[in-house]
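Reader: Please present the structure and then discuss the sheet and the chain interface.

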Amino acid sequence: MLIINILGALLILGIVWWFWLYKPTGASENSSDMLVTVKNGIYEPARLRIPAGEATSIKFLREEASPCAGTVVFSDLEISEELPLNKQKTIHLPALTPGTYSFTCQMQMYRGELIVDDKP
Amino acid sequence: MIQEQTVKLIIEGAGCSSCVGKIEGALNSISGVTAAEMNFAERSVSVEGSAPIDDLIKAVESVGYNAISTEGVSEDDLMDEKEAADFAYYKRLIREMTIALTLGVPLMAYSLIVGEMTVTTTTERIVWLIIGLLTAGVMYFSGKHFYIGAWKSFWNHSANMDTLIALGTGTAWIYSMVVVFFPAAVPDMARHVYFEATAMIIGLIDLGLALELKARGRTSQAIKRLIGLQAKTARVIRDDKEIDIPIENVLLNDHVRVRPGEKIPVDGIVIDGHTAIDESMLTGEPMPVEKKTSDEVVAGTLNKTGSVVFKATRVGKDTALAQIINMVKRAQNSKPPIGRLADIISAYFVPVVMIIAVVSALVWLNFGPEPAVAFAIVSATTVLIIACPCALGLATPMSVMVGVGKAAEAGVLIRNGEALQTASKITAMVLDKTGTITLGAPKVTSIHLVHAKEKDRVLELAASLEAGSEHPLAMSIVESAQEQGLSLSSVKNFKAIAGHGVEGVVEGKELLFGNEKLMRDHSVNVNGAVDVAQQMAAEANTPMYFAVDGVLAAIIAVSDPIKEDSIEAIKRLQKNGIKVVMLTGDNRATAKAVANKVGITEFFAEVLPEDKSDKVAELQMQGEVVGMTGDGINDAPALALANVGFAIGTGTDVAIESADITLMRGSLHGLADAIAVSKATLRNIKQNLFGAFIYNVAGVPFAAGVLYPFFGLLLSPVIAGAAMAFSSVTVVTNANRLRLFKAKEH
Ligand SMILES: [Cu+2]
């Protein structure tokens, strides 16, 4: 019984670490045509890096029919766009100040981050 | 990803048919292009192949022309495609649901009628093994997407609805298989299988998703209607020939012919003919509007009587209708502050639920009655299944979508979710008088001569002076002079004094035209005329003093008629408990007369344009949530300062972006409609949030077994599955109820 309780506690710690504490480091490097695929419940890549003070654009390709995946929302930027199925959609972003902006689906089940960096 | 596709480009600058060969040649020489064919009449070229669009455009530019991509232009096609994709997905979900329930329902019926689904004898083990494998088949055919999604998002350090479903059904299935393979490893009493739960949950959630999809389709009807307003083709006059082309291919400055009964395809200015156009689909204004040469026409409106030719001034994405569609779409997906909480909760919810499930299982294992293992499994599974925050995430966006669309149908454009929410809380509404309560098109009603001899002469001089001014009162003088057939002279040293009037020299005479203060500032003697002026003002006219060479010549009374339905609309606002305040630059007496007429008790007169925002601030200091309504650019600071700024204007000439809410038609009923819609939407959102929270907040402890010690009750995972599936459906359906909402008839 003790072992089971310890395993349970470890499981809880594991959940906390995996979903909250773990900070992913990799982010897709900035390039002129970033492509984010929406498939199987995630954005791929989910972390994008773009330079500050420059208008950019991101292409989205939705390969999943579920309605959750149908809209991408950049709530801080008041951008919300429908993504057609199996067709690239370009989303134009204005010049941004450095910071992290999240983008999600309408239900917030798909999540991604847009990291805006000062130029080196 | 490289795809074979057909791209259509619009070519600009191709004036002769010899261009065709050059352009086709340039395109065909790019690798990846399999065929390029130009339609000279349409000035368009279709390119087949896999070459990127940017390369195609560059190739066309390299031979000296401009190419414009038509990608994403036809909203109509996109909408159709989306519907087709949704329908295909719907059919897939129904098929998957049927497979899952075909196994799940008989199994559940068996467990309910026969009872215990225990595994003791070898025969039972074999039978359950077969059923277990069938269940695995269901998990594969009907639930594959949950497991793939869960797996993918797990490795992405995120968790979502798929995670919960996959964990819940997976736990139930794995436990059941352990019982089948190693019955000895579990206590006698816990030798229970839960295959029916797995199959039922997958089937029910697929059903829920399908129903949700159906209901979602209905919520976006407003956008569909707006898109449906667009004409599909336009009749363009090129090289003296009239050709019908798709509206995407209409170019700027094209001459477009519209016949009676046809829709205006793009925005433009009439250059030939005259007609009446029904603009009600955009503005809600039922009366057709007369259009003649140099009048503007707006895409989406309906030509009623005559045939006109107009020059295209805005095409494609730039037409007022396209911008409105775009804005409504954006607003539909923006969230009011009330939705933030739900967002934060759903962002952390899934991992929290996983922890609750583990804790619940541990508590059952430690303190639960026998068979503790079975109870632990059931409670953990049930917690995972019932806790999906999907409904919570949908609660706000679905209502906003319907609400914003509903408002758009009434000619009210709401810029974002925040404006929608704030509008429901307005306690005071500030109305600018001119152009808002009144028509904003004043008319000269009488001329009272003081030292002048002739009314026509007064009008002639005054009109000459005012010809350069843009002020609506000034324009009324000029119009009136033109109606009398008077000819105007040129003006020198023209100077406008904001809020007071104008001065200038006409035919060598020093002219002053404006209010009493202007006269006093220039020491013009107005004694003896003040009574007349006051009398005019008391009758809701604006008296304007006119002096020639420092002597008062006449007082001209100008009146701006009150809009037909202003009185009724203001009454509607007041009935809703909103304090209505009028602002005007006019003198006190005129303001009072107008205020009396429309039933406003509180008003500020003689307010200079730059002081309008101070009045708004004053009201805010008194604790009011202030809505400000104005029609002009001079109202912009006040509109911006107010909690909600309402701009009055037609879709063509208003900077839609600058106001929180734009009323497409002139009527003040739009204000009451906007507030009514926003209140109804907020109420709907609250119902949704409450409903969604109840599923989770009450559902989770119930599923964890809080009630067991008292009532011996433990929720079945199947019930949890059904509840989870239908929570989203409930929310979407409730949001759809908003569609039935009607802003009061007027
Ligand atoms: Cu979802």
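Author: In chain B, six strands (DSSP E runs of at least two residues, numbered from the N terminus) form an open, antiparallel sheet in the order E6-E5-E7-E13-E8-E11. Its edge strands, each pairing on one side only, are E6 (241–246) and E11 (296–297) of chain B. This is a predicted model in which local features need pLDDT of at least 70 and side-chain atom pairs pLDDT 80 or more, whereas totals for chains, interfaces and linings use all residues. Residues are numbered from 1 along each chain as written, chains are lettered from A and ligands numbered from 1 in written order, and side-chain values use heavy atoms, without hydrogens and water.

Reader: Which residue in E13(B) stands opposite His255(B)?

Author: Strands E7 (255–258) and E13 (308–314) of chain B pair in the antiparallel sense over four bridges; pairing requires at least two DSSP bridges. Opposite His255(B) stands Lys311(B).

Reader: What is the area buried between chain B and chain A?

Author: In contact (heavy atoms within 4.5 Å) are 47 residues of chain B and 39 residues of chain A. Buried area is the accessible area (1.4 Å probe) lost on putting two parts together, summed over both. Carbon and sulfur atoms give 62% of this area, which is about 4000 Å².

Reader: Which element gives the most to the side of chain B that touches chain A?

Author: Elements giving two or more residues to that side include helices H3 (75–113), H4 (122–155) and H10 (338–367) of chain B; helices are DSSP H or I runs of at least four residues. With 13 residues, the most is given by H10(B).
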